[in-house]
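Grab a coffee and work through these exercises with the model open beside you. Try each task before you read its solution.

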Amino acid sequence: MSGGGDGNSAYGRTTFTRSRSHFTDRITADGRDGWPVTADRYRLVVSRACPWASRAVISRRLLGLEDALSMAIADPIQDDRSWRFTLDPDGRDPVLGIRYLSEAYDKRETDYPGGVSVPAVVDVPSGELVTNDYQQLTLDLATEWTALHRPGAPDLYPDRLRDEIDAVMADVYRDVNNGVYRAGFAREQGEYEEACAGVFRRLELLTDRLARQRYLVGSAITEADIRLFTTLVRFDAVYHGHFKCNRWKVTENQVLWGYVRDLFQTPGFGDTVDFDHIKRHYYRVHTGINPTQIVPLGPDLAGWRTPHHREELGGRPFGDGAPPGPAPADEEVPAAGRP
């Protein structure tokens, strides 16, 4: 999710196009791009409001990389200069020493295209951005950072299932992850209707799939589930109303509501979700869609902790692994953001 560029006022007033990641260096075990996997060298910068960044937050938790890869949490209300660290004392990230994520981008390159987006990984010694490739980042956390994974970490991208995972993720990305944005930022009725219809057509196909199996691919959580979860968990809170994806709510779909609650109640998923950050970002930043910046009181979050009964479909969340421990105290979601 980008900040900066044309400013917040552009949201909803210009044709929506998902920017490709400009900085696509990879952090790998062999360091072939010049960035070797090393504990304590890099800092992951995220917003809890952003679904793309939330993928990385969840992956990092599930894999137990908290001690190896530190994390900075940006204010959900960015300004026209980009994501800012106003949640930290003196408005500076305590590790990078910067006020705006754009400072790390500028250290790497000037006049870069695509704006300032999260998730981003910054090289702490140099202060330079390494990558903002949200599509590749979590795959590398799962496959290149294995030497630093916790004992019992799940295999989120198992080799034998990758073709199926990739196919499912491609459909989910096109029609759901990105589809809600194409609907929400549409400038013409036909453009909106096509995108919105595509969102619900894909959700109905996913409903059929998930009525028969607990997880999207195989019998345990994979990267595919993480990517669908980050959209579904935001759906009723922001996409249904703010983005006009309102044919029905996730809470009205028995299968998807059970599925997303199952994941929410799994350690590493719901304990990373901040509904306060999510709602304040979308409703206050997208002023082209919501010029009053009024943040709605609902929806009621009480149902997120109710029984889902998805275990009756079989499967084990972590396969042969084990759940992660509690979130570090300094990364706990504040009470205002929890059900």
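**Exercise 1. Find the loop that holds Asp90, then decide whether Asp90 is buried or exposed.**

Step 1: Go to the loop between strand 3 (70–73) and helix 2 (102–108); Asp90 is in there. Helices (H or I, at least four residues) and strands (E, at least two) are DSSP runs, numbered from the N terminus. This is a predicted model, where local features need pLDDT of at least 70, side-chain atom pairs count only at pLDDT 80 or more, and totals for chains, interfaces and linings use all residues. Residues are numbered from 1 along each chain as its sequence is written, and side-chain values use heavy atoms, with hydrogens and water left out.

Step 2: Check the backbone. Asp90 has a phi near 65°, which is positive although the residue is not glycine.

Step 3: Look at the cover. Asp90 has a relative accessible area of 59%, so call it exposed. The cut-offs are under 20% for buried, over 50% for exposed and partly exposed in between (1.4 Å probe, protein chains only).

Step 4: Now do likewise for Asp40, in the loop between strand 1 (2–3) and strand 2. Its phi is near 70°, again positive in a residue other than glycine. With a relative accessible area of 58%, Asp40 is exposed.

**Exercise 2. Work out which cis peptide bonds involve Pro119 and Pro299.**

Step 1: Start in the loop between strand 4 (116–117) and strand 5, where Pro119 lies. The bond joining Val118 to Pro119 is cis, with omega at about 5°.

Step 2: Move to the segment after helix 9 for Pro299. Gly298 and Pro299 are joined by a cis bond too, and omega is about 0° here.

Step 3: While you're in the segment after helix 9 (275–285), pick out Thr287. Thr287 counts as buried because its relative accessibility is 15%. From its C-alpha to that of Asp320, 33 residues along the chain, you span 46 Å.

**Exercise 3. Count the disulfides, and explain why Cys245 is not in one.**

Step 1: Set the rule: a disulfide is a pair of cysteine sulfur atoms within 2.5 Å. The count by this rule is zero.

Step 2: Try Cys50. Its nearest cysteine sulfur belongs to Cys245 and is 17 Å away, leaving Cys50 in no disulfide.

Step 3: Try Cys245. The closest cysteine sulfur, in Cys196, is 4.7 Å away, so the gap is too far for a bond.

Step 4: Add the burial. Cys50 is buried at 0% relative accessible area, and Cys245 is buried at 0% as well.

**Exercise 4. Say which elements the buried residues of helix 3 pack against.**

Step 1: Select helix 3 (residues 134–143); seven of its ten residues are buried. Among them are Tyr134, Leu137 and Asp140.

Step 2: Follow their contacts (heavy atoms within 4.5 Å). The partners are strand 2 (42–46), helix 1 (51–63), strand 5 (120–123), helix 4 (162–177) and helix 7 (223–239).

**Exercise 5. Sketch the whole protein chain: what are its secondary structure and its spans?**

Step 1: Count nine helices and six strands.

Step 2: Along the principal axes, the C-alpha trace spans about 50 × 50 × 35 Å.

Step 3: Finish with burial: 57% of the 339 residues are buried.
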